[in-house]
Amino acid sequence: KQSLKTSFKRKSGFCGINLLPNRRELFSLIDDSTFAPPLPPGHPFINVQIDSYWSSTGTGGLITYQAWSVSMIDGRMADEPESYDRYVWPVRGGHPN
């Protein structure tokens, strides 16, 4: 089975310097005083889907094909099977090849 990171790269068409954020990076966007989406007022993002977004962070538990997601409904993190359909929020990082 493919890892979430590999699957993201192949299926999304994003490659090079586009990455999935880790759970801390994704969670850093959350403003817990707001709801649906839980983002700070005046945030620069458009078309934020009111659903969950994958992070690149695995759960590290006994179940190897689980990863953390962050809900854009209420800002909660959840550990979920990687087979679930979730959105991705690519971030730029690294150096282009």
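**Figure 1. Salt bridge between aspartate 74 and arginine 76.** In this predicted model, the side chains of aspartate 74 and arginine 76 meet in a salt bridge, with an N to O distance of 2.8 Å. Aspartate 74 is partly exposed, at 28% relative accessibility, whereas arginine 76 is exposed, with a relative accessible area of 59%. The structure holds two salt bridges; the other is the subject of the next view.

**Figure 2. Salt bridge between glutamate 80 and arginine 86.** The closest N and O atoms of arginine 86 and glutamate 80 are 2.7 Å apart, and the two residues form a salt bridge. Glutamate 80 counts as buried, at 11% relative accessibility. Its partner, arginine 86, counts as partly exposed at 26%. Side chains of opposite charge can pair when their charged atoms come close.

**Figure 3. Strand β3 and its surroundings.** Strand β3 comprises residues 66–71; six of its six residues are buried, so the strand is largely enclosed by the rest of the structure. In a regular strand the side chains alternate between the two faces of the sheet. Here Gln66, Trp68 and Val70 point one way from β3, while Ala67, Ser69 and Ser71 point the other way. Residues of both sets are buried. The ring of tryptophan 68 carries the charged end of arginine 23 over it, at 4.7 Å from the ring centre.

**Figure 4. Strand pairing on either side of β3.** Strands β2 and β3 run antiparallel and are joined by four bridges. In this pairing, tyrosine 53 stands opposite valine 70 of β3. Strands β3 and β4 also pair in the antiparallel sense, over five bridges. Valine 70 has methionine 77 as its bridge partner in β4, and serine 69 has alanine 78. β3 and β4 form a hairpin with five residues between them. Glycine 75 lies in the turn of this hairpin and has a positive phi of about 85 degrees.

**Figure 5. The largest nonpolar core and the contacts of methionine 72.** Eight residues make up the largest nonpolar core: Leu26, Ile30, Leu39, Val48, Tyr53, Val70, Met72 and Trp89. Tyrosine 53 and valine 70, shown opposite one another in the preceding view, are both members of this core. When neighbours within four places in sequence are left aside, the contacts of methionine 72 include the core residues Ile30, Leu39, Val48, Tyr53 and Trp89. Methionine 72 is also in contact with Ala36, Pro37, Pro38, Gln49, Ile50, Asp51 and Ser52.

**Figure 6. Aromatic pairing around tryptophan 89.** The structure holds three aromatic pairs. In one of them, phenylalanine 45 and tryptophan 89 meet edge-to-face, at 4.8 Å centre to centre and with 80 degrees between the planes. Phenylalanine 45 lies in the loop between α2 (23–27) and β2 (52–58), and tryptophan 89 in the loop between β4 (77–81) and β5 (91–92), so the pair ties together parts that are 44 residues apart in sequence. Phenylalanine 45 is partly exposed, with a relative accessible area of 30%, whereas tryptophan 89 is buried, at 12%. Ring pairs link Phe45, Tyr53, Tyr87 and Trp89 into a cluster. Tyr53 and Trp89 of this cluster also belong to the largest nonpolar core.

**Figure 7. Backbone features of the loop between α2 and β2.** A cis peptide bond, with omega of about 5 degrees, joins alanine 36 and proline 37. Alanine 36 is located in the loop between α2 and β2, as is proline 37. Phi of alanine 36 is near 50 degrees, a positive value in a residue other than glycine. Alanine 36 is partly exposed, with a relative accessible area of 34%. Asparagine 47, found in the loop between α2 and β2, likewise has a positive phi, near 55 degrees. Asparagine 47 is exposed, with a relative accessible area of 65%. Both alanine 36 and proline 37 are in contact with methionine 72.

**Figure 8. Overview of the protein.** The secondary structure comes to two helices and five strands, which follow the pattern α-β-α-β-β-β-β along the sequence. Buried residues make up 30% of the 97 residues. Of the contacts with a separation of 6 or more, 53% are accounted for by residues 24 or more positions apart.

Key: Residues numbered from 1 in each chain as written. Predicted model: local features only at pLDDT ≥ 70, side-chain atom pairs only at ≥ 80, totals over all residues. Heavy atoms only, no water. Core = buried A, V, L, I, M, F, W, Y, C linked by side-chain atoms within 4.5 Å. Buried < 20%, exposed > 50% of the residue type's maximum accessible area, 1.4 Å probe, protein only. Contact = heavy atoms within 4.5 Å. Salt bridge = Lys/Arg side-chain N within 4 Å of Asp/Glu carboxyl O. Phe/Tyr/Trp six-rings, centres within 6.5 Å; stacked < 30°, edge-to-face > 60°. Lys NZ or Arg CZ within 6 Å of the ring centre and 35° of its normal. Pairing = 2+ DSSP bridges.
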